[in-house]
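Hi everyone, thanks for coming. I'd like to walk you through one structure today, so have a look at it on the screen first.

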Amino acid sequence: MKKNGDLEGKVIIVTGGTGVIGLAIVKELLALGVKVVAGSASAGKAAAVGLKLDDFCPQTERLFCRLDVTDEANIGEVIAKTVDRFGQIDGLVNCAGGNRGLKPFFETD
């Protein structure tokens, strides 16, 4: 796939980056030259999926980590890791799914 100059070198966090749709987005962004931080609520799943991409893209261009969008402290940790590793954040793809008994959207902080 031809790289898109508008995205090449950018840093994007993908929540739900180990699910079917999220992982497809991660792969497409990597193919476009984006540095990707892919999160999963499961640290084990994030590590396993990250290892599967070793032949697809250099590890220096991606980071798979635990990212639970319901945990503010964890979100802060991921932001800090991203800035520490890549120096910036240029975008966010919200792809985390599921509803673990949370409140309706308009009732959520």
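I'll talk about one helix, and then about the nonpolar cores. Just keep in mind that this is a predicted model.

Okay, helix H3, residues 72–86. With 15 residues at 1.5 Å a residue, H3 should span 21 Å, and its end C-alpha atoms are indeed 21 Å apart, so that agrees. Which residues of H3 are buried? Those are Asn74, Val78, Thr82 and Phe86. Looking down the axis of H3, you'd find these buried residues within an arc of 80 degrees, so they line one face of the helix. There's a general reason for that kind of pattern: an α-helix has 3.6 residues a turn, so residues three or four places apart point the same way.

And what does the buried side pack against? Strands S1 (11–15), S2 (35–40) and S3 (62–66). Over on the other side of H3, Glu72, Ala73 and Asp84 are exposed.

Now the two ends. At the start of H3, Asp71 has a side-chain oxygen within 3.1 Å of the backbone nitrogen of Ala73. After H3 comes Gly87, with a positive phi near 85 degrees.

On to the cores. The largest nonpolar core has 14 residues, and Val26, Val36 and Phe64 touch the most other members. S1, helix H1 (20–31), S2 and helix H2 (43–52) each give two or more residues to this core, and H1 has the largest share, with four. Apart from that core lies another, of eight residues, including Val11, Leu63, Cys65 and our friend Phe86, which is one of the buried residues of H3.

Key:
Residues are numbered from 1 along each chain as its sequence is written. This is a predicted model: local features need pLDDT of at least 70, side-chain atom pairs count only at pLDDT 80 or more; totals for chains, interfaces and linings use all residues. Side-chain values use heavy atoms; hydrogens and water are left out. The expected span of a helix is 1.5 Å times one less than its number of residues. Buried means under 20% relative accessible area, exposed over 50%, partly exposed in between (1.4 Å probe, protein chains only). The arc is that of the directions from the helix axis to the C-beta atoms. Contact means heavy atoms within 4.5 Å. A polar contact is a pair of N or O atoms within 3.5 Å; within protein, one must be able to donate a hydrogen and the other to accept it, and residues adjacent in sequence count only if both atoms are side-chain atoms. A nonpolar core is a set of buried Ala, Val, Leu, Ile, Met, Phe, Trp, Tyr and Cys residues joined through side-chain atoms within 4.5 Å.
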